Amino acid sequence: FKLMAPILLSSAVYNINILVDSSIASTLADGQLSSLNFANIAYTAIATTSIYGISTVLFPQFSALVAENRLGELRHRISQSVVVMIFIFMPVIFGIIAINKELIQVLYQRGTFGIESVGFTSSALIFYVMGMLGFAFQELSNKVFYALKDTRTPFITSAISVAINIVLNLIFVRFWGIRGLALATSIAVSFNGVTLIILIQRRIGKLEIQEIGRHFIKILMISLVMLAGVHGFNQ
């Protein structure tokens with residue numbers, strides 16, 4: 001029970017950020033809040049199911065390695081998991097960016113949901129998916145700290161992430177509307193994910209950063225080629 005309260009906030013940080021986004025979007029022109037919510041539904045349907053599924057499978061492995069005090073193997077397993085997250089979600093990010101409008105049309109365009117709504121929703125979706133990799137890092141890192149029986153660190157970084165989201169929301173909404181709200185959430189979640197990865201290294205030692213960086217660059221280049229190819233095909 002002592003560990004539970006911080007875990008609840010850490011796990012709910014993304015939903016808290018979405019709640020803040022919706023509250024601010026409700027002050028904008030008619031249809032903006034609905035478009036933001038539709039974009040978030042499309043994003044979470046893709047992101048949360050897969051990310052939570054992967055991190056849940058990894059959690060007992062991390063716990064076992066911590067219990068056996070095999071920190072070297074734990075660092076290796078975390079590094080591998082980060083690479084897997086990049087391998088899975090980097091192409092998904094660029095894929096959704098490439099077909100964001102078509103995806104929203106297939107999902108929603110019917111009845112009163114016309115082409116204008118498609119434009120608002122698809123643009124917000126682009127900025128939401130930019131934070132997908134950070135979201136994956138966040139959930140992976142949370143499971144590492146829970147395995148270490150440390151719920152305080154994710155609690156603190158999550159609280160900072162919510163504060164960053166609120167500040168950026170108030171700034172970005174003036175310039176980009178609901179796109180700014182989605183971007184603020186992606187930045188806040190990515191900050192939390194990267195910060196937790198850094199704190200893991202301080203706690204258990206260096207991860208295989210060079211290997212992670214090598215895979216990141218390779219997958220980024222391949223994903224950019226895919227983006228250009230799909231965009232050219234659409235044109």
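This report describes aromatic pairs, the nonpolar core and helix packing in a predicted model.

**Aromatic pairs**

The structure contains seven aromatic pairs. One of them joins phenylalanine 38 and phenylalanine 113 in an edge-to-face arrangement, with 5.3 Å centre to centre and 85° between the planes. Phenylalanine 38 belongs to helix α2 (residues 32-67), while phenylalanine 113 sits in the loop between α4 (100-108) and α5 (115-129), so this pair ties together parts that are 75 residues apart in sequence. The two residues fall into separate burial classes: phenylalanine 38 is partly exposed at 29% relative accessibility, and phenylalanine 113 is buried at 10%.

Tyrosine 52 and phenylalanine 135 also pair edge-to-face, because their ring centres are 6.0 Å apart and their planes stand at 85°, an angle over the 60 degrees that this class requires. This pair again links distant parts of the chain, with tyrosine 52 in helix α2 and phenylalanine 135 in helix α6 (residues 132-147), 83 residues apart. Tyrosine 52 has a relative accessible area of 31% and is partly exposed. Phenylalanine 135, at 0% relative accessibility, is buried.

Phe38 and Phe113 recur in an aromatic cluster, which they form with Tyr108.

**Nonpolar core**

The largest nonpolar core has 55 residues, of which Tyr43, Ile78 and Met132 touch the most other members. At least two core residues come from each of α1 (4-25), α2, α3 (71-98), α4, α5, α6, α8 (178-204) and α9 (209-234). Helix α3 gives the most, with 11 residues.

Which residues does tyrosine 43 contact, leaving aside its neighbours within four places in sequence? They are Tyr14, Leu125, Tyr128, Val129, Gly131, Met132 and Phe135. Met132 in this list is itself one of the core residues that touch the most other members, and Phe135 is the buried ring that pairs with tyrosine 52.

**Packing of helix α1**

Two packed helices are described by the angle between their axes and the distance between the axes. The table gives these values for α1 with α8 and with α6.

| Helices | Angle | Axes |
|---|---|---|
| α1 and α8 | about 160° | 10 Å apart |
| α1 and α6 | roughly 170° | within 10 Å |

Angles over 145 degrees count as roughly antiparallel, and α1 and α8 are therefore roughly antiparallel to each other. The relation of α1 to α6 is therefore also roughly antiparallel. The crossing of α1 and α8 is right-handed.

On the α1 side of the contact with α8 are Val13, Tyr14, Asn17, Ile18, Asp21, Ile24 and Ala25, and these meet Ile178, Leu181, Thr185, Ala188, Val189 and Asn192 of α8. Towards α6, helix α1 presents Ile7, Ser10, Ser11, Val13 and Tyr14, which meet Phe135, Gln138, Asn142 and Tyr146. Val13 and Tyr14 thus take part in the contacts with both α8 and α6. Tyr14 is also among the contacts of tyrosine 43.

**Asparagine 142**

Is asparagine 142, which belongs to helix α6, buried or exposed? With a relative accessible area of 1%, asparagine 142 is buried, because buried means under 20%. Not counting residues up to four places away in sequence, asparagine 142 touches Ser10, Pro154 and Leu196. Of these, Ser10 is one of the α1 residues that meet α6.

Notes: Residues are numbered from 1 along each chain as its sequence is written. This is a predicted model: local features need pLDDT of at least 70, side-chain atom pairs count only at pLDDT 80 or more; totals for chains, interfaces and linings use all residues. Side-chain values use heavy atoms; hydrogens and water are left out. Rings of Phe, Tyr and Trp (its six-membered ring) pair if their centres lie within 6.5 Å; planes under 30 degrees apart count as stacked, over 60 as edge-to-face and the rest as tilted. Helices (H or I, at least four residues) and strands (E, at least two) are DSSP runs, numbered from the N terminus. Buried means under 20% relative accessible area, exposed over 50%, partly exposed in between (1.4 Å probe, protein chains only). A nonpolar core is a set of buried Ala, Val, Leu, Ile, Met, Phe, Trp, Tyr and Cys residues joined through side-chain atoms within 4.5 Å. Contact means heavy atoms within 4.5 Å. Axes are lines fitted to C-alpha atoms, for helices over the stretch in contact, and angles run from 0 to 180 degrees between N-to-C directions. Angles under 35 degrees count as roughly parallel, over 145 as roughly antiparallel, 65 to 115 as roughly perpendicular and the rest as oblique. A crossing is left-handed if the near helix is turned anticlockwise from the far one by less than a right angle, and right-handed if clockwise.
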